[in-house]
Amino acid sequence: MRLLPWAGAGGKPCYLSTDHPDSLLSRLADDIEAAQLASAEQVLAGAGAVLRDTEAGERAVRFALVRALESLGDVLRVAVSRGERIPGQDT
């Protein structure tokens, strides 16, 4: 079972049951994971810039924090999904 990089109704995790890592849905999940990781890099850079800006207002800091939390959630889901697919891991 593969944890997919998106949530279902009510925020519940979605799983894919397949032995084929090259299936259409597996490739879609890989592409979304890659996009989430790339986005997280951009959010990290942007949040760092906001925090270094001594003139940044509360709205900018809050926005950066909200985006950082969203990205952290995405990155953690990717890490869990990939960790669960390591051969020999107990899940």
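User: Where is aspartate 22 found in this predicted model?

Analyst: In this predicted model, aspartate 22 is found in the loop between E2 and H1.

User: Why is aspartate 22 called exposed?

Analyst: Its relative accessible area is 61%. The label exposed needs a value over 50%, so aspartate 22 qualifies.

User: How far apart are the C-alpha atoms of aspartate 22 and alanine 40?

Analyst: They're separated by 25 Å, with the two residues 18 apart along the chain.

User: On to serine 26. Why is serine 26 called buried?

Analyst: Serine 26 has a relative accessible area of 2%. Buried means under 20%, so serine 26 gets that label. You'll find serine 26 in helix H1, which spans residues 24-52.

User: What makes the pair of serine 26 and serine 23 a polar contact?

Analyst: The two side chains come together at 3.0 Å. The cut-off for a pair of N or O atoms is 3.5 Å, with one able to donate a hydrogen and the other to accept it, so the pair counts. The side chain of serine 26 also reaches the backbone oxygen of histidine 20, at 3.3 Å.

User: Which residues is serine 26 in contact with, leaving aside neighbours within four places in sequence?

Analyst: Arg2, Leu16, Thr18, His20 and Pro21. Serine 26 also helps line the largest pocket, and those five residues are on the lining list too. The rest of the lining is Met1, Asp19, Asp30 and Arg85.

User: How much space lies in that largest pocket, and what classes of residue line it?

Analyst: About 170 Å³ of space lies there. The lining has 3 nonpolar, 3 polar and 4 charged residues.

User: How do you know that strands E1 and E2 pair?

Analyst: Pairing takes at least two bridges, and 3 bridges join E1 (residues 2-7) to E2, so they pair. The two strands run antiparallel. Arginine 2 stands opposite leucine 16, and alanine 7 stands opposite proline 13.

User: What about the hairpin between the strands: how many residues does it have, and which one takes a positive phi?

Analyst: There are 5 residues between E1 and E2, and glycine 10 takes a positive phi near 70 degrees.

User: Which side chains of E2 point to the buried face, and which to the other?

Analyst: In E2 (residues 13-16), Cys14 and Leu16 point to one face and are buried. Pro13 and Tyr15 point to the other face and are not buried. In a regular strand, side chains alternate between the two faces of the sheet.

Key: Residues are numbered from 1 along each chain as its sequence is written. This is a predicted model: local features need pLDDT of at least 70, side-chain atom pairs count only at pLDDT 80 or more; totals for chains, interfaces and linings use all residues. Side-chain values use heavy atoms; hydrogens and water are left out. On a 1 Å grid over the protein atoms alone, a cavity is a set of points where a 1.4 Å probe fits but cannot get out, and a pocket is an open set with protein on both sides within 12 Å along at least five of seven lines; lining residues have an atom within 4 Å of a point. Grid points are joined across faces, edges and corners, and a volume is the space filled by probe spheres set on the points. Ala, Val, Leu, Ile, Met, Phe, Trp, Tyr, Cys and Pro count as nonpolar, Asp, Glu, Lys and Arg as charged, and the others, Gly among them, as polar. Helices (H or I, at least four residues) and strands (E, at least two) are DSSP runs, numbered from the N terminus. Buried means under 20% relative accessible area, exposed over 50%, partly exposed in between (1.4 Å probe, protein chains only). Contact means heavy atoms within 4.5 Å.
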